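Dear colleague,

I am handing over the structure below, and after it I set out what was found, going from charged pairs to domains and then to a few single residues. Please keep the structure open beside this message while you read.

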Amino acid sequence: MLLKNTKDFDLKQTFECGQCFRWNPDSEGYTGVVGDYIIHAKQSGSTIEIDGADDEFIIEYFDLDRNYEKVKSKISNDDIIKKAVLYGGGIRILRQDPWEALVSFIISANNNIPRIKRIIESLCRTFGKPLTKGGKEYYSFPTAEVLSHLKACDLSPLRCGYRDGYIIDAAQRVATGALDLFAIYNMDEDEGRRMLKTVKGVGDKVADCVLLFAYGKYGVFPRDVWIKRMMNRLYSVDEKEVDAFARQKFGKLGGFAQQYLFFYGRSG
């Protein structure tokens, strides 16, 4: 797919803002494994070329049917968020697979992005399905069924630490149907959060990341200690009041605001 005269879409910002972990830069752009697709994306100015999947999948995954100019206009209600939107204006919120997002953000807890990416790649290389493109081998994200038959010690070589047990618990719940990930699409944010938090190790931050990046529940405002401190620095909001502040200020578009503010605060 060739996108010309694109607005509100920057590959580097989108792939490096902390929402995804399987996109890696190469000599011409970025390559990512999404489901069973090996997708390559490259950008030159306002022209973006994406190949490796059908157009319908690309449109949905990259959220290309959304008018981000309208989103930005609605949330830009003070000078701080206006600066954040201007700084990270090319971020698009990807529509990711719920199972992969759940495990990825379990791994992300109290972790840094390079290490998160290494653990996830090791997980896929060890338990995923081999995929080939251009003579190079890649690996799909392992299914819940595959991981459900493992023990926590089987993940020890991946150096997940205490997260081993959480990943196995998530896999077993999904594989047995105790956690119906597809049902969450039809739940509101609070009900979806409660459902995700039945998994060991999943708190509000991990659950909200999954709700935002997999389910498109854009009213959530994922927050951890770093986000709370950043909001205190930018808005002088008490850390305990961040959630209420975000709901009042950004409403049902809080997830977009969070991404712009996170990228702006982390980079600036």
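A good place to begin is a pair of charged side chains, R66 and D63, which meet in a salt bridge with 2.8 Å from N to O. Please bear in mind throughout that this is a predicted model. The two partners differ in how much of them is covered: R66 counts as partly exposed because its relative accessibility is 26%, whereas D63 is buried, with a relative accessible area of 0%. D63 is found in the loop between helix 2 (residues 55-61) and helix 3, and its phi is near 55°, a positive value in a residue other than glycine.

As a general point, side chains of opposite charge can pair when their charged atoms come close. In this model the count of such salt bridges comes to 19, and several of them deserve a closer look.

One of them joins K249 and D78, whose closest N and O atoms are 2.8 Å apart. K249 lies in helix 12 (residues 242-250) and D78 in the loop between helix 3 (68-75) and helix 4 (79-87), so this pair ties together parts that are 171 residues apart in sequence. As for D78, a relative accessibility of 15% is under the 20% limit, and D78 therefore counts as buried.

Another salt bridge is formed by the side chains of D224 and K205, at 3.4 Å from N to O. This pair also links distant parts of the chain, since D224 sits in the loop between helix 10 (204-213) and helix 11 (225-235) and K205 in helix 10, with their positions 19 residues apart in the sequence. Here both partners are partly exposed, D224 with a relative accessible area of 28% and K205 with one of 25%.

Beyond these pairs, there is a network of salt bridges that links D190, R193, D208, R223, D243 and R247. You may wish to find these six residues in the structure and follow the network from D190 to R247.

Turning to the domains, the domain assignment of the chain gives domain 1 (2-88), domain 2 (98-215) and domain 3 (225-266). How far apart are the centres of domain 2 and domain 3? Taken over C-alpha atoms, the separation is 25 Å. Where these two domains meet, four residues of domain 2 are in contact with four residues of domain 3, and together the two domains bury about 300 Å², of which 61% is on carbon and sulfur atoms.

The count of salt bridges between domain 2 and domain 3 is one, and the count of residue pairs in polar contact between them, with both residues at pLDDT 80 or more, is zero. Sorted by class, the side of domain 2 that touches domain 3 has three nonpolar residues, no polar residues and one charged residue. A further salt bridge in the model brings together the side chains of E189 and K252, at 3.8 Å from N to O.

Helix 10, which holds K205, is mostly covered, with eight of its ten residues buried. Which residues of helix 10 are the buried ones? They are V206, A207, D208, C209, V210, L211, L212 and F213. D208 is thus on this list, and D208 is also part of the network of salt bridges described above. The buried residues of helix 10 pack against helix 5 (98-108), helix 9 (189-196) and helix 13 (254-267).

Finally, there are a few single residues to note. R159 lies in the loop between helix 7 (144-148) and helix 8 (163-176), and its phi is near 65°, again a positive value in a residue other than glycine. Is R159 buried or exposed? With a relative accessible area of 64%, R159 is exposed, while D63, with its own positive phi, is buried at 0%.

K74, for its part, is found in helix 3 and is exposed, with a relative accessible area of 62%. From K74 to L158 the C-alpha to C-alpha distance is 43 Å in space, and the two residues are 84 residues apart in sequence.

With kind regards

Definitions and conventions. Residues are numbered from 1 along each chain as its sequence is written. This is a predicted model: local features need pLDDT of at least 70, side-chain atom pairs count only at pLDDT 80 or more; totals for chains, interfaces and linings use all residues. Side-chain values use heavy atoms; hydrogens and water are left out. A salt bridge is a side-chain nitrogen of Lys or Arg within 4 Å of a carboxyl oxygen of Asp or Glu. Buried means under 20% relative accessible area, exposed over 50%, partly exposed in between (1.4 Å probe, protein chains only). Helices (H or I, at least four residues) and strands (E, at least two) are DSSP runs, numbered from the N terminus. Domain bounds come from an automatic or database domain assignment. Contact means heavy atoms within 4.5 Å. Buried area is the accessible area (1.4 Å probe) that two parts lose on being put together, summed over both. A polar contact is a pair of N or O atoms within 3.5 Å; within protein, one must be able to donate a hydrogen and the other to accept it, and residues adjacent in sequence count only if both atoms are side-chain atoms. Ala, Val, Leu, Ile, Met, Phe, Trp, Tyr, Cys and Pro count as nonpolar, Asp, Glu, Lys and Arg as charged, and the others, Gly among them, as polar.
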